[in-house]
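Trainee: I would like a close look at a single chain of this model and at how that chain meets its neighbour. Please take chain B.

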Amino acid sequence: MSAPTDTNLLSERVKALPGGEFLMMCYSCGTCTSKCMIQPKLDPNYNPRRLIREAVFEMEAEAFADTTTWLCSACDLCYPACPQKIHISGVINAVKALAVEQGWKNPNPSAVVDIFTCVACGMCVEVCPYQAVSLVETKVAGRGLIPVATVDPGKCMACGMCSAACRSTSISLPTRHHDKEIIADLWAFLAEEAA
Amino acid sequence: MSEDAIAKSHVADFPQDEPRIGVYICHCGSNIAGVIPPEEVVDFAGKLPGVVRATDTLYACADSGQRQIKEDIKKYGLNRVVVSACSVRMHEPTFRGCVAEAGLNPFLMEMANIREQCTWAHGHDREGALAKAKDLTASAIAKVSFLHPLDMITVPVSKKAMVIGGGVAGINAALDLAEQKIPVVLVEKEPTIGGVMAQLNKTFPTMDCSI
Amino acid sequence: MVDAARQPLIEVKTFTEVEKVEGFVGNFKVTLREKSKYVRADRCNGCGACTKACPIEVPNYFEMNLAPRKAAYVPMSQSVPLIYNIDMDACIHCYKCVEACGALEAIDFSMTDKIVEEEIGAIVVATGFSHFDPSVMSEYGYGRFPNVITSMEMERLNNSAGPTHGALVRPSDGKPPKNIAFINCVGSRDKRYNPSCSNFCCMYSIKNAILVKQMHPGTDVTIYYIDIRTPSKGYEEFYDRAREMGIKFVQGRPSEITEDSETHQLFITGEDITLGKVVEREFDMVMLNQAAIPQPDQNQMSSVLSVAQSPGGWFMEYHPKLRPMDSPTDGIFFAGACQGPKDIPASVAQGSAAAARASRILHSDEWHIEPTVAVVWPDRCVSAQDKSCGICSRACPYSAIDYTQGKAAEVITAKCHGCGACVGECPHDSITQLHYTDAEILAQIRTLLATEPEKKILALRCHWCSYGGADLAGTSHFEYSANERGIKVMCSARMDADFIYEAYRLGAGAVLFSGCHPQDCHYITGQVSGSKRANRLKTIFERMGMSPGRFRIEWISAAEGDKYARVINEMQATLDAIPPEALKEEIERLRPEMARKLTRLPNIPGVQQALDQTDEIIQLMTELHMEKV
């Protein structure tokens, strides 16, 4: 007989989401962490192995506050390396979805849409690797109720694919990664090269 | 057609004796009884044609369980036995031996697998498991009525062993057999025996030489 | 090794392969191919003059190809028996060896392979294991980086009889390494390659680490591991000793090895999981502890011996706890790693245990085998009425049926293995199998389907595989629908079409036809007969317009408990998806068609009585069921 399961447990909720099925298969070998680019390059606290343990042991507050939950870009370098064939980014995304559901905000910047220029062509929807963009009927001052691109901050990974694809420069990342900034950076680089 | 073959073919005819069947429903501790009530299966089996004795038993395979079967064979004049318990892969030889000791042909005993293939697999559905245990017991009772006494076939034995593979396990098996005066053919596909062990340096945990 | 060669009762046949195993317990007939060595065993005195004279060098497999050998060779100097070999693939026929051998005249280029037959009472299979090739794991760079070596290469480099005479050196520059890492679980505990644990590698890497430390005390040694497993006597103490000697243990499986292409220094990247940090460390040399895997010819041996394989490819024992040394075939036993990875103490113990199991038979003058053999009803056999038939004889995997037109077919009992293929195939129902007669099996089917047949899944399983699979599902507590009702016969070849027609006539919801995988068949080709019949039936049922999925064919081994449970649950889901009214209508529509197929059934001896008697049981069961409802 299988033991009755409490569907409210974090581990059960993670397992119920697509990608989270293999959560309990982890034997904590650390291959994912050492395969990942984020710990050495971005955040020394980043650790997918630890996040999986937090989910297994129902450490909900720790898991939702963990930088790993928010920084994974689902590049899936770890997935083919995992000896237990766990889709690690799937587990992380499942944890993130639950965090967002409970009102946690993605601490990373997400893409911003200029609703006054967006023509709802859908290019950004097509290219987004995280299914974070969709076309939503929105009331826009002066334009009426029209469909415009809308970003789900819980899903956006701030990769900039949408911004690169947009034909009317209506979607971009705030601050440093704005088109203007990047073009300025490029000119500066070329000037340096020329000198 | 040889007379022997004709005689043999009659073995497969319909048995003529009136079946007197004993049915034993094993609890297997809580392995079976923890999921289904064995008494209900006993009640059910007792009503089927040919059954003259139906009872439950805590462990059919234990000495006491086997003793009961043997005593019942004499007491009730049983000529067929059904044991509803575990897999035939587990205890068929046990119960065949048991009925044989009481003078019954071992092939007149049939098992119904109500543990591995019932209670262990249907813990989530106790009612379904009970219905299945009854059906499996009934089917064993139906089969047992038509069983024929059979004799084991005796074959001669060539007194020579073959060991395939000359690694550490094979060499040791060959030596043990030869020391019991059994001739052995030790077959190795490589040009030397020794296997992987011969390629090793020292071996754990005593660090002695491998060869 | 030498003891085996010295023991007069052991005949050592090296360079010999097993081609065929026929017969049964006590009476196996084994065909061997003694491959030609081109050196006469009766004359070679092992002096090695031929090797010295031979001008050809090829890599020596025994030295993991780290050293050459000649075309005239022995794999190692302590070879047993010490008889030289000429490797014909490498030989250039210069005949210098013949000259060197001189008056001994041991070398004989006219030798050919010899086929020999042996009469054997019992067989011990001890074919061992092979090693995983880590070059498929590109992340560890084996094959690309010269200083990444395998455990077996380490064995030879560390061995005083090996190619470097025991000097441990880096393959890239021949210098002694100062800093060595061992990586465990390379290709084992890895679902991409071999999901299981290779059993002895933890101890094995500790052993190699200790050896390095003993011989070269200044060397830094690090072992990367996922878990360290030291379950036997003295093993944990051995692990302690390694730590005492200063060997460092890092928990965490490295994800990558990189190399400095000039110095060939290696860098291991891995999470040190106790620190929770990714650490890159530099090493002179890295040893990969390769997984133990089944022999490359294990599948072939499995069909020669007619024994099944567990998932992962190892030979499958009769029972994992109660009869670990026995194969499912009486008289064939397993010893050592061919049944699953094992270290030396366990292999030696199993060798002795298998010998003890075998000697039970070999010390007996006679042995008993099950009488569940086939018998012919001579008066029903059409051949006796001078009609051409012989189907039974062709179906028999053991040529155990004598067929001459004009005479009733006759079963040679000593050759019959009791699969029932002839019974399943005979179109005239003139042959039956003791303990598995039509009457007995029909009685079982009829009682199992006595009440609410439309809800039930009748599962026909063979004794050796699918019945074992169902057992394993239970033992593992894999839950499946309790509507399954199982029947056991010895082989899927015995599963008569009549059984299935009768099941559907009675209104069975679904029928599963299951047996072993084709290569695992306990009766050589029994499964092939069963499979052909099942597929024929499938087509017939499709033409009748039966809903897909109500008849299912699945091959399930005794190791596939999960599959058994899954198949039954899927069949239950298929049944659930058919609306009850539609199912009822379909059963009623097909009932007369099924009945038409069964008109001759009552003519089989015993069957009419069986039908009458089971009718009585069915009626009683129906009444009891109605009472309950």
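Mentor: What follows describes chain B first and then its contact with chain C.

This is a predicted model, in which local features need pLDDT of at least 70 and side-chain atom pairs count only at pLDDT 80 or more, while totals for chains, interfaces and linings use all residues. Residues are numbered from 1 along each chain as its sequence is written, and chains are lettered from A and ligands numbered from 1 in the order in which they are written.

Chain B holds nine strands and eight helices; helices (H or I, at least four residues) and strands (E, at least two) are DSSP runs, numbered from the N terminus. Its C-alpha atoms occupy a box of roughly 70 × 55 × 30 Å along the principal axes. The radius of gyration of chain B is 25 Å, whereas a compact globule of 211 residues would have one near 17 Å. That radius is taken over C-alpha atoms, and the globule rule is 2.2 Å times the number of residues to the power 0.38.

The chain is assigned two parts, domain 1 (16-145) and domain 2 (161-209), with bounds that come from an automatic or database domain assignment. Taken over C-alpha atoms, the centres of domain 1 of chain B and domain 2 of chain B are 46 Å apart.

Of the 211 residues in chain B, 56% count as buried, that is, 20 or more other C-beta atoms lie within 10 Å of the residue's own, with C-beta atoms placed from the backbone. Among contacts in chain B with a separation of 6 or more, 67% are between residues 24 or more positions apart. Two residues are in contact if their C-beta atoms, placed from the backbone, lie within 7 Å.

Now the neighbour. The contact between the two takes 92 residues from chain B and 116 residues from chain C. On the side of chain C that touches chain B, helix 8 (residues 344-362) of chain C gives the most, with 12 residues. By class, that side of chain C has 18 charged, 39 polar and 59 nonpolar residues. Here Ala, Val, Leu, Ile, Met, Phe, Trp, Tyr, Cys and Pro count as nonpolar, Asp, Glu, Lys and Arg as charged, and the others, Gly among them, as polar.

The two chains also share a strand pairing: strand 7 (residues 184-187) of chain B runs parallel to strand 1 (residues 10-13) of chain C, joined by four bridges. Two strands pair if DSSP finds at least two bridges between them. Within strand 1 of chain C, Lys13(C) stands opposite Val187(B).

Technical notes. A residue is buried if 20 or more other C-beta atoms lie within 10 Å of its own, exposed if 12 or fewer, and partly exposed in between; C-beta atoms are placed from the backbone.
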